[in-house]
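Reader: I would like to learn how to read a protein model, one feature at a time. Could we go through it together, with the general idea and then the case at hand?

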Amino acid sequence: MRRARRAGRAQVYLDVSGSMNAEMPLIVGLLGQLSSWIRRPFWAFSTEVVPAVIEGGALKAGTSGGTSLECALEHIAKTRPSCAVIVTDGFVEAIPKKRIAALASTTRLHAIVTRDGNPSLLKAAGIPYSQLGSLPT
């Protein structure tokens with residue numbers, strides 16, 4: 001007997017605030033290439049977390065706008081995935097180190113910061129991150 005299983009291991013959270021608009025086509029393309037490693041649904045966040053899909057090369061998610069990483073962290077704490085990846089430009093609120101330490105016991109957390117983003121608040125909170133490089137000319 002075969003059991004159905006969720007594709008991918010990582011639960012992905014995509015920052016869909018207005019400051020991400022310029023990078024969004026590139027991020028959507030990247031997520032499309034990594035789709036076999038991404039757990040479905042993947043999540044979009046602004047001031048709330050909602051399911052997101054990529055259809056026809058475009059992101060489909062209904063969110064409120066703005067940016068709050070806290071809603072994504074709360075969702076991670078509630079759903080307790082083994083791995084979570086946050087894609088953001090880093091323009092978020094300050095994050096208490098205690099909050100990240102509490103998540104670390106159940107979830108391996110990593111952030112991907114856009115090429116023009118600012119990882120300083122993620123770094124200060126102790127969230128490991130990778131920053132995308134410049135596009136080739």
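Author: Let us start with leucine 30, which lies in helix α1. The model is a predicted one, and in it leucine 30 is partly exposed, with a relative accessible area of 29%.

Reader: Which residues of helix α1 are buried?

Author: The general idea comes from the geometry of the helix: an α-helix has 3.6 residues a turn, so residues three or four places apart point the same way. In this structure helix α1 covers residues 24-33, and its buried residues are Met24, Ile27, Val28 and Leu31. These residues cover an arc of only 100 degrees around the axis, which puts them on the same side of α1. On the other side of α1, Pro25 and Gln33 are exposed.

Reader: What covers the buried residues of α1?

Author: The cover includes five strands, namely β1 (10-15), β2 (42-45), β3 (49-55), β4 (58-60) and β5 (83-88).

Reader: Now I should like to look at a loop. Where is the place of threonine 114, and is threonine 114 buried or exposed?

Author: Threonine 114 sits in the loop between β6 (108-113) and α4 (120-125). Its relative accessibility is 2%, and since a residue under 20% is called buried, threonine 114 counts as buried. If we leave aside its neighbours within four places in sequence, threonine 114 is in contact with Met20, Glu23, Ile27, Thr88, Asp89, Gln131 and Leu132. One of these, Ile27, is also among the buried residues of α1.

Reader: What of threonine 63, which is also in a loop?

Author: Threonine 63 belongs to the loop between β4 and α2, and with a relative accessible area of 27% it is partly exposed. Its contacts, again leaving aside neighbours within four places in sequence, are Val16, Ala44, Ser46, Glu48 and Val50. To relate this loop to helix α1, one can take the C-alpha atoms of threonine 63 and leucine 30, which are 33 residues apart along the chain and separated by 21 Å. Another pair to set beside it is leucine 30 and tyrosine 129, which are 99 residues apart along the chain, with 16 Å between their C-alpha atoms.

Reader: How should I read the way two helices pack, as with α2 and α3?

Author: One begins with the angle and the distance between the axes. Helix α2 (residues 69-79) and helix α3 (residues 97-104) pack at an angle of about 25 degrees, and their axes are 10 Å apart. Because angles under 35 degrees count as roughly parallel, α2 and α3 are roughly parallel to each other. Their crossing is left-handed. The contact is made by Glu70, Leu73, Glu74, Ile76 and Ala77 of α2, together with Arg99, Ile100 and Leu103 of α3. Sorted by class, this contact has five nonpolar, no polar and three charged residues.

Reader: Which residues of α2 are buried?

Author: In α2 the buried residues are Leu69, Cys71, Ala72, Leu73, His75 and Ile76. Leu73 and Ile76 also take part in the contact with α3.

Reader: What follows α2, and what is the sign of its phi?

Author: Most residues other than glycine have a negative phi, and most peptide bonds are trans. Here α2 is followed by arginine 80, which has a positive phi of about 50 degrees although it is not a glycine. Arginine 80 is placed in the loop between α2 and β5, and at 55% relative accessibility it counts as exposed.

How values were computed:
Residues are numbered from 1 along each chain as its sequence is written. This is a predicted model: local features need pLDDT of at least 70, side-chain atom pairs count only at pLDDT 80 or more; totals for chains, interfaces and linings use all residues. Side-chain values use heavy atoms; hydrogens and water are left out. Axes are lines fitted to C-alpha atoms, for helices over the stretch in contact, and angles run from 0 to 180 degrees between N-to-C directions. Helices (H or I, at least four residues) and strands (E, at least two) are DSSP runs, numbered from the N terminus. Angles under 35 degrees count as roughly parallel, over 145 as roughly antiparallel, 65 to 115 as roughly perpendicular and the rest as oblique. A crossing is left-handed if the near helix is turned anticlockwise from the far one by less than a right angle, and right-handed if clockwise. Contact means heavy atoms within 4.5 Å. Ala, Val, Leu, Ile, Met, Phe, Trp, Tyr, Cys and Pro count as nonpolar, Asp, Glu, Lys and Arg as charged, and the others, Gly among them, as polar. Buried means under 20% relative accessible area, exposed over 50%, partly exposed in between (1.4 Å probe, protein chains only). The arc is that of the directions from the helix axis to the C-beta atoms.
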